[in-house]
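Open the model in your viewer and keep the selection panel at hand. Each stop below says what to pick and what is there.

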Amino acid sequence: MSDSKSKVGYLNRDFEFFHLKDQRSLKFEFHYHDFNKIIIFISGKVNYLIEGKTYKLKPWDILFIDKNDVHMPIIDISEPYERIVLWVNTDFLEEHSSKDARLLSCFELSALQRVNLLRVDPSYINELRHNIFSLEAAVKDTGFGCGILRSSLFLQLIVTLNRYYLREDRSSNRSDIKHDERITEILEYLNKNLTEDLSIENIASKFYMSRYNLMHKFKAQTGFTVHSYIQQKRLLQANLLIRKGMQISDACKECGFGDYTSFVKAYKKSFGASPREYHKANSAIEVVDSIPTE
């Protein structure tokens, strides 16, 4: 995989809605987005890999994918793969949240618990279908107040999904979640300690693994080498800090890069432009998606 091509799509609207159905050979690479994403699985035979965990999906399963989570579907083309994909603008949900109703809860809790899968109780599926297909109809509508209608139905769906998430017992889904516990622990450690010395030797020593075993298992579970994963996560964190107004040189230091020159070189390789050029270009960019959308 080429890390420079692992970022897919940009989003500067409140949300994007895709209803996709395929029965053809689709080859996906591990990738990430700089926005949150919801996948509502309708039919097919699909295993979804997210940050070292593999989810075996059943109809009407929901995946909450946090921004910058590395993910990839593995698709059996013997059956049509049908799904709803929602690209979610974090700022839009923040704007419409309140103290007692935080609309990002489903993403934040799934990230905290490291479980991206929500298996909806069968008694709720008719309600879920109604909400989804009402939103789909509104997305296609061009009549009076269509924008207001789209936003209100989208927010209604997000409220409903949060209610499902907060209500459900996710421990019953464990049999359909496969992962290497050690790699999961390592991923959690890396993401919490991006400014530390994260050499292969230090990580292997901390988790009582050989260098070879660490590198082999990590690549198999995440699709990245250890070095490229750490570097990509540091770049993503720096990107977020710069977007929030931090000086580029300060973001470089804050995210664990040894020197500014190395940081800019790595940034250009990953994002295709220097930090300054990238943020200037993307301040007004429209949604760009590589086909197929995942």
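Start with cysteine 255. Its relative accessibility is 1%, so cysteine 255 counts as buried, the cut-off being under 20%. Keep in mind throughout that this is a predicted model.

**Cysteines**

Now add cysteine 252 and display the sulfurs. How far from cysteine 255 is the nearest cysteine sulfur? It belongs to cysteine 252 and lies 8.2 Å away; cysteine 255 is in no disulfide. A disulfide would need sulfur atoms within 2.5 Å. The structure as a whole holds zero disulfides. Move to cysteine 146. It also counts as buried, because its relative accessibility is 17%.

**Five-stranded sheet**

Select strand 1 (15-22) and strand 7 (81-88). They pair in the antiparallel sense, over eight bridges. Pick out aspartate 22: its bridge partner in strand 7 is tyrosine 81. Next, bring in helix 2, residues 105-113. Helix 2 packs on the sheet and touches strand 2 (36-43), strand 5 (61-65) and strand 7. The direction of helix 2 makes about 80° with that of strand 5.

Widen the selection to the whole sheet. It is open, has five strands in the order 1-7-2-5-8, and pairs antiparallel. Which strands stand at the edges? They are strand 1 and strand 8 (117-119); each has a single partner strand, so one side of each is left without a neighbour in the sheet.

**Four-stranded sheet**

Turn to the other open sheet. Four strands run in the order 6-3-4-9, with antiparallel pairing. Strand 6 (71-76) and strand 9 (177-179) are the edges here. Each has a single partner strand, so one side of each has no neighbour in the sheet. Neighbouring strands of this sheet are turned by 20° against each other on average, direction ignored.

Zoom in on strand 4, residues 53-56. Three bridges join strand 4 to strand 9, and the two run antiparallel. Select tyrosine 55 to see one pairing: its bridge partner in strand 9 is isoleucine 177.

**Cores**

Show side chains and select Tyr48, Leu63, Ile186 and Ile203. These have the most contacts inside the largest nonpolar core, which has 39 residues. Stay on leucine 63. Which residues does leucine 63 touch, leaving out those up to four places away in sequence? They are Lys37, Ile38, Ile39, Tyr48, Ile50, Tyr55, Leu57, Asn116 and Leu117.

Last stop: select Phe15, Phe92, Val120 and Leu128. They are included in a second, separate core of 32 residues.

Notes
Residues are numbered from 1 along each chain as its sequence is written. This is a predicted model: local features need pLDDT of at least 70, side-chain atom pairs count only at pLDDT 80 or more; totals for chains, interfaces and linings use all residues. Side-chain values use heavy atoms; hydrogens and water are left out. A nonpolar core is a set of buried Ala, Val, Leu, Ile, Met, Phe, Trp, Tyr and Cys residues joined through side-chain atoms within 4.5 Å. Buried means under 20% relative accessible area, exposed over 50%, partly exposed in between (1.4 Å probe, protein chains only). Contact means heavy atoms within 4.5 Å. Two strands pair if DSSP finds at least two bridges between them. Axes are lines fitted to C-alpha atoms, for helices over the stretch in contact, and angles run from 0 to 180 degrees between N-to-C directions.
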